[in-house]
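Biologist: Hi, I have a model open and would like to go through it with you. Could you take a look?

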Amino acid sequence: MEPWRVLEFYSGIGGMRYSLIKAGVKAHFVEAFDINDLANDVYQHNFGSRPYQGNIQNLSAADLDRYKANVWLLSPPCQPYTRQGLQKDSGDARASSFLKIIELIPQTSQPPLMLFVENVVGFETSDTHSKMLDMLEQNHFTTQEFILSPLQFGVPYSRPRYFCLAKRKPLSFRNIALNKLIWDPSPLLGNDENMINGGDQLQRNWDNLPITCEPIESFLEQRSFSDEVNLESSCLPADISNRSEVEEKLISGTWNQYVVPSSLIERWGSAMDIVFPESKRCCCFTKSYYRYVKGTGSLLATVQMQPQIKDKTSSLMESGLRYFTPREVANLHSFPKEFQFPEHTSLRQRYALLGNSLSVAVVASLLSYLFWEPE
């Protein structure tokens, strides 16, 4: 077979492309689209080609026909549908480009054979979602929808997302019974016997999912902040015994930027989500990670907190608390080891770009299922 010709809308830092590579799909990326200049720098740095940076809303059906693409991958802006946002849905200007793409599909002379859409949980109840499904049904697509988290794939990372897979008839899915929102990944992993429609059972057991996950330490960089403290501790003057002095006098290199300042621990310690290397679950990292410590992602305690210290703030002061590095966040997103940021991207920019990206582990499994064909 000839490679599938793929259009990648809202390409970001390349999560969809990495996912398709991981899925082993023979594909030719005809074009990628993203309006974010910095994200396009990262994409170009890793893949050697720069996404189209014009406004998607200016594309016509004729423009899309010229690409002769039979697969469209889309990860449109999530802000119109997030719980933290204004929830304007299709009334949000950031939803307009995706709505334009939906309108263009029936106007193309050769509509795509397959579509893949990723967004936040909440999209599935939006009117944008309803418009998308109406268009797909009217244009002879069969759809299957999923809400999945990396936790279901052995990754200790809680990041549930909505996914829609669509195939234009006569193409069909392996499991034609999957026609509702599914929380059970077993069909994607080849275990049809454990298929659960609706996800009620798995949703009830959601808290048990981390049991099957690898520990967080498997995703950390080899040399950690605590390693650096241990390596240098023999050089410390005898009078340095408390953690704050270690932070001030020892740490002057790479890891200094990841230490959570004592002032933030004093103010926000009770609201922080603290995990340990042996933990099997951490919270979703958002684009505001590192700028804020509350509700933006987990923080890593590199020294076990002492149970005899009753005050949580005091205990945290002694825990070697730090931010996850961008490389570690990329690891939890299941990005490959060869993924890199260009040197000119700042630390905050790297966190923001990762916060807007996706889980390669989840998407690769879904793409493998989407591209399945009978032998």
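Biologist: Which side chain does Ser 75 join in a polar contact?
Modeller: That of Glu 118, at 2.4 Å. A polar contact is a pair of N or O atoms within 3.5 Å; within protein, one must be able to donate a hydrogen and the other to accept it, and residues adjacent in sequence count only if both atoms are side-chain atoms. This is a predicted model, where local features need pLDDT of at least 70, side-chain atom pairs count only at pLDDT 80 or more, and totals for chains, interfaces and linings use all residues. Residues are numbered from 1 along each chain as its sequence is written, and side-chain values use heavy atoms, leaving out hydrogens and water.

Biologist: Is Ser 75 buried or exposed?
Modeller: Buried, with a relative accessible area of 15%; buried means under 20%, exposed over 50%, and partly exposed in between (1.4 Å probe, protein chains only).

Biologist: And what does Ser 75 touch?
Modeller: Not counting residues up to four places away in sequence, Ser 75 touches Phe 9, Tyr 10, Met 16, Glu 118 and Leu 358. Contact here means heavy atoms within 4.5 Å.

Biologist: New topic: how many disulfides are there?
Modeller: Zero, where a disulfide is a pair of cysteine sulfur atoms within 2.5 Å. For Cys 78, the nearest cysteine sulfur is that of Cys 284, 9.4 Å away.

Biologist: How about Cys 282, which cysteine sulfur is nearest?
Modeller: That of Cys 283, at 7.1 Å. Cys 282 counts as buried because its relative accessibility is 1%, while Cys 78, at 23%, counts as partly exposed.
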